[in-house]
Amino acid sequence: MVGKIAFEEAFNLPEWAAMSAYQASLFTPDGDGNAHAARLVDINKTRLEKMDKFGIDYMILSLTAPGIQDFADVAEAEANATLSNDWVADQMKENPTRFGALAALSMHNPEQAAKELTRCVKELGFHGALVNAEQRSGPGGNTPIFYDGPEWDVFWATCVELDVPFYLHPIAPKGTQFDTYWKARSCLVGPCMSFANGVAAHLLGLIVNGVFDRHPKLKVIVGHMGEKIPIDLWRINHWLEDVHKPRGSTKMQRKLREYFADNIYLTTSGDFDTKVLKYVISEVGVDRMMFCLDYPYEAFELGCPWFDGIKPDSDLTQEDLNSIGRNKAIDVFKLKLSKA
């Protein structure tokens, strides 16, 4: 498909190359930290050439994990979010018809996060925000901040007022969390298991603590075919509806599937399996699914030929594929682009 839109696509600032090299040792197939760091910093050269070769018309960039969520110091996190957002805004100016961005945010303070998101959308033309799961805080960064409490309502209200989506992206465990749960099985950190565990818990926390009920127009995106939630929708809903609601231990007012139908979008990022795609769509609906690559952690050469090679059938029509590859992203991000 020519004209695809992709938006879980990472960049990094040159001065944070060491962080990129560490990520590469965990989450890139070849483990080449220097090459991975170079791919993250490059916006308008090799990346753009690959976009042309593999039929991606528009790419929405986001700061690579762990990003701002790795900064436990409040002032440092806020300053670095501004630095990152301004840097990528400058990069976009070279090819403004090909690149957009999602804001990086410090999530220490809801009011400050809302203010920076507003600046990015209104002044820099960004399309929303991408945050790498929980914000690290406290000594050693071992105190996670989640965003499902009522103190975060001011932030979620800002997302709704601006009418932009919030992408909830994974972060790798570190510190005491890593030592306790993952050190003896470190190969499970990242795409194999820990990413899905973290994002699924956070997303379900937003649901059970009533965030979507207080903000019914809020749009949240999660990648990787839904971080393993879709296969377990029936069981999770069964326990929430039949066990926890009668006990009064959840604030959710609707059934689980209703939030996926009204508030939550999923992407194909890093999960290029047609059977999985069809199954997830059977659970949440084709209008909740969008194409993404997860570059440079996954390759153009893997994700694009996979999606382009899907043959339309009764499960996935050409109209469905056009929606996944382009049209739904135009709607969700309010892009001024023509539809397929």
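Is Trp-156 buried or exposed in this predicted model? With a relative accessibility of 0%, Trp-156 counts as buried, and the close-ups below start from this residue.

**Figure 1. Trp-156 and Phe-155 form an edge-to-face pair.** Let us begin with the two neighbours. Their ring centres lie 5.1 Å apart and the ring planes meet at 70 degrees, so the pair is classed as edge-to-face. Phe-155 is buried too, because its relative accessibility is 0%. Both residues also belong to a wider group: Tyr-147, Trp-152, Phe-155, Trp-156 and Phe-166 make up one aromatic cluster. Across the structure there are 15 aromatic pairs.

**Figure 2. Phe-212 and Tyr-259 link two helices.** Here the ring centres are 6.1 Å apart with the planes at 40 degrees, so this pair is tilted. Phe-212 belongs to helix H9 (residues 211-214) and Tyr-259 to helix H12 (residues 256-262), so the contact ties together parts that are 47 residues apart in sequence. Look for both side chains in the interior: Phe-212 counts as buried at 0% relative accessibility, and Tyr-259 counts as buried at 0% as well.

**Figure 3. Arg-288 places its charge over the ring of Tyr-265.** In this view, please follow the side chain of Arg-288 to its charged end. That end sits 4.0 Å from the centre of the Tyr-265 ring.

**Figure 4. Cys-120 and Cys-159 are not joined by a disulfide.** The structure holds 0 disulfides. For Cys-120, the closest cysteine sulfur is that of Cys-159, and the 12 Å between them is too far for a bond, because a disulfide needs the two sulfur atoms within 2.5 Å. Both cysteines are hidden from solvent-sized probes: Cys-120 counts as buried at 0% relative accessibility, and Cys-159 is buried with a relative accessible area of 1%.

**Figure 5. The largest pocket has a volume of about 580 Å³.** Its lining is made of 31 residues, and those nearest the centre are Pro-191, His-224, Glu-227, Gly-270 and Asp-271. Several elements each supply at least two lining residues: strands E1 (4-11) and E2 (56-63), together with helices H1 (17-27), H8 (194-208), H10 (224-227) and H13 (274-284). By class, the lining divides into 16 nonpolar, 8 polar and 7 charged residues.

**Figure 6. The second largest pocket encloses about 310 Å³.** Glu-134, Pro-144, Ile-171, Pro-173 and Gln-177 lie nearest its centre, among 20 lining residues. Strand E6 (143-145), helix H7 (175-182) and helix H8 each give at least two residues to this lining. Which element supplies the largest share of the lining? That is H8, with 5 residues. The lining as a whole comprises 9 nonpolar, 8 polar and 3 charged residues.

**Figure 7. The largest cavity holds about 40 Å³ of space.** The count comes to 1 cavity of 30 Å³ or more. Which residues line the largest cavity? They are Leu-63, Gly-67, Ile-68, Gln-69, Ala-104, Leu-105, Leu-130 and Asn-132. This lining has 5 nonpolar and 3 polar residues, with no charged residues.

Technical notes
Residues numbered from 1 in each chain as written. Predicted model: local features only at pLDDT ≥ 70, side-chain atom pairs only at ≥ 80, totals over all residues. Heavy atoms only, no water. 1 Å grid on protein atoms, 1.4 Å probe; cavity = no way out; pocket = protein on both sides within 12 Å on 5 of 7 lines; lining within 4 Å. Points joined across faces, edges and corners; volume = space filled by probe spheres on them. Nonpolar A, V, L, I, M, F, W, Y, C, P; charged D, E, K, R; others polar. Buried < 20%, exposed > 50% of the residue type's maximum accessible area, 1.4 Å probe, protein only. Phe/Tyr/Trp six-rings, centres within 6.5 Å; stacked < 30°, edge-to-face > 60°. Helix = DSSP H or I, 4+ residues; strand = E, 2+ residues; numbered from the N terminus. Lys NZ or Arg CZ within 6 Å of the ring centre and 35° of its normal.
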